[in-house]
Amino acid sequence: MFVSDFRKEFYEVVQNQRVLLFVASDVDALCACKILQALFQCDHVQYTLVPVSGWQELETAFLEHKEQFRYYILINCGANIDLLDILQPDDDAMFFVCDTHRPVNVVNVYNDTQIKLLIKQDDDLEVPAYDDIFRDEEEEEEHSEDQRDDGSEPSEKRTRLEEEIVAEPMKRRERREWEARRRDILFDYEQYEYHGTSSAMVMFDLAWMMSKDMNDMLWWAIVGLTDQWVQDRITQMKYVTDVGILQRHVSRHNHRDEDEENALSVDCMRISFEPSLRLALYQHWSLHDSLYNTCYTAARFKLWSVHGQKRLQEFLADMGLPLKQVKQKFQSMDISLKENLRELIEESANKFGMKDMRVQTFSIHFGFKHKFLASDVVFATMSLMESPEKDSSGTDNFIQALDSLSRGNLDKLYHGLELAKKQLLATQQTIASCLCTNLVISQGPFLYCSLMEGTPDVALFSKPASLSLLSRHLLKSFVCSTKNRRCKLLPLVMAAPLNVEQGTVTVVGIPPETDSSDRKNFFGRAFEKAAEGTNSRTLHNYFDFSVIELKAEDRSKFLDALVSLLS
Amino acid sequence: MFCDRAIELVRELHRAPEGQLLAFNEDGLRQVLEEMKALYEQNQSDVYDRLLRIRALRWEYGSVLPNVLRFHMSAEEVEWFNHYKKSLATYMRSLGGDEGLDITQDMKPPKSLYIEVRCLKDYGEFEVDDGTSVLLKKNSQHFLPRWKCEPLIRQGVLEHVLW
């Protein structure tokens, strides 16, 4: 059931208990987790934190810990599947689920006792009505009970039996109709996957309701929201609305900036709301590198072709920026150039057909040297979490990424930024080679691209978030490069090698690229059906159903099934 | 060599025939006595060092020493240890309020009741105050009372996470 008063029905319930936190492996979940940890430490709530990256890990961890806890909090996992069925908990276990995955499974919505959803109901949820899906079993039981009781009165029984015989086909037909309707409703409801409000924002809201919110928590909420935007999980409109909400909080916490007399010391942390450029990591890189490796500019300029690179030079010349300055580290650029850089770039970008260069976002300052945009932190944390270093396990990466979000661990954040740069560079190079060698082929209802094992940096793309990022950028670049009008509207399925010894690949499905995209993804269900139909050995382990693991040998029959399913 | 003079003196006495008293070898005797004093002082510093170590043991292991260690100590050392224990207990009782303050619990002055710890290796189940237990698995984080975590932190199983 949906929780209406987060404070009474959630926080005050867990305040005096020991809780177990299951946290998924994405940046939004990490931010929500940080906020909740800060609240728990304030109130001395004893908790245990277990990172999980997929359903199997969740099940295993639950089995290990179930004797010791009664209250469980799941962050960014658990809403879109029948939780009680998967975990088989005891009757007194209580689950609080704060998850952005939609649609929320109907069993979770209508369970009144064990599952509490920490989800705002003004997210357009469109949950089907109770009667449409669950039928009262009482009518059936009365029917059979009548039959058993009637042993004593033969004549009455006969007349009643006659009536029942007449009534039965009617009931059966009704039931069949009802079941067909139910299947349709559920199919429509569960067909498309999408995401709701960021969990970090939900947690911040809870903190604000209890008047325990702090600037640090606000920053984490901002990073959580920006993560959803960077990963194209929410529509532009929702991003703008949520930014507006957070901006009010920012001005509430950080208004002392404007007042010259009571200005805070430079070392204090300040968040500011400002327009910025849609260039990844440009303040920590050189401007040239940033223009080259941001998907938006790389796709529009078509930087994989020589012609495109010439256009970039024209663009820089148009702005009057000398090449030498542009290739230097941003922080060492001439101050005179840096001052009006943003407006200069926006103007020229408009001329070159890039109207969305300006982005409203937040930045954080503390000390003289440390200034980060929210998107910088998102890229850094994402790279830390999915870094493919051989000797570290998944949970090590999770811990590193979680630490990097604290302001005391700046070295980890900078390390993350370096990894992010490598990731972006590798992404662009892979895209360039895919487009130049025409690796993106149309299969009919969708485009398909597969990375070969020997491709450089292919290890960077075996995890879901990195592969999804690559696929989305590839689709955007492809749409800009192709002249085929029909191909521009197709979705993309992308495969990359995961584990060479076991012969598995990661497959991800991306919805088509349209201007007014609602970010709804149907590949989750499509993959399931295709796998069932062909008996392919797949593992639907990730919390996002549109990313699966597949045995490389089953790849062709799986694809064929997918083609016939979607045509 | 230390005992050379002493051995020489004894040999001289032994060599002299029965009943005869040799001249009182004052010089030799003085040297021997000096050697004895030096040796005695060295022994003293050794004994003192042992005492300091025993005192440290009280802080590390608590008021009951494991049997192995007690085996290694002489009777006097055990007695000294008991005296030390008693004076420490009296001192602690005299601190803070009615019950006294157990200062052997924390290594450094504590800042809060509960601390955030991270598990560095798989440890297994760990019992908490209310009887229930927590499973300590690698890379899981926990927020637990300080006094329960201290021994595990000392052993290196848990790591205190600072914010």
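This is a walk through a predicted model, from the interface between chain A and chain B to two buried residues inside chain A.

Let's begin where the chains meet. Chain A brings 23 residues to the contact, and chain B brings 21. Together the two chains bury about 2,000 Å², and carbon and sulfur atoms account for 48% of that area. For the polar side of the picture, there are 13 residue pairs in polar contact between chain B and chain A, counting pairs with both residues at pLDDT 80 or more. The interface of chain B and chain A also holds three salt bridges. One that you can find by eye joins Arg118(B) to Asp403(A), with the closest N and O atoms 2.9 Å apart.

Which elements of chain B give two or more residues to the side that touches chain A? They are strand 1 (114-119), strand 3 (133-136) and strand 4 (141-145). Strand 4 of chain B supplies the largest share of that side, namely five residues. Sorted by class, the side of chain B that touches chain A is made of nine nonpolar, six polar and six charged residues.

Strand 4 of chain B deserves another look, since it also pairs across the chains. Its partner is strand 2 of chain A, residues 47-51; the two strands run antiparallel and are joined by two bridges. If you would like a spot to zoom in on, take Thr48(A), whose bridge partner in strand 4 of chain B is His142(B).

Now let's move into chain A, starting with Ser477(A), which sits in helix 21 (residues 464-481). Is Ser477(A) buried or exposed? Ser477(A) counts as buried because its relative accessibility is 0%, and the cut-off for buried is under 20%. Setting aside residues up to four places away in sequence, Ser477(A) touches Ala299(A), Trp304(A), Ile431(A) and Leu435(A).

Further along the chain is Cys487(A), in the loop between helix 21 and strand 13 (492-499) of chain A. With a relative accessible area of 8%, Cys487(A) is buried too. What does Cys487(A) contact, leaving aside its neighbours within four places in sequence? The answer is Ser442(A), Leu447(A) and Phe478(A). For a sense of distance, compare Cys487(A) with Tyr448(A): the two are 39 residues apart along the chain, and their C-alpha atoms are separated by 11 Å.

Terms used:
Residues numbered from 1 in each chain as written. Chains lettered and ligands numbered in written order. Predicted model: local features only at pLDDT ≥ 70, side-chain atom pairs only at ≥ 80, totals over all residues. Heavy atoms only, no water. Contact = heavy atoms within 4.5 Å. Buried area = accessible area lost by both parts, 1.4 Å probe. Salt bridge = Lys/Arg side-chain N within 4 Å of Asp/Glu carboxyl O. Polar contact = N/O pair within 3.5 Å; in protein donor to acceptor, adjacent residues only side chain to side chain. Helix = DSSP H or I, 4+ residues; strand = E, 2+ residues; numbered from the N terminus. Nonpolar A, V, L, I, M, F, W, Y, C, P; charged D, E, K, R; others polar. Pairing = 2+ DSSP bridges. Buried < 20%, exposed > 50% of the residue type's maximum accessible area, 1.4 Å probe, protein only.
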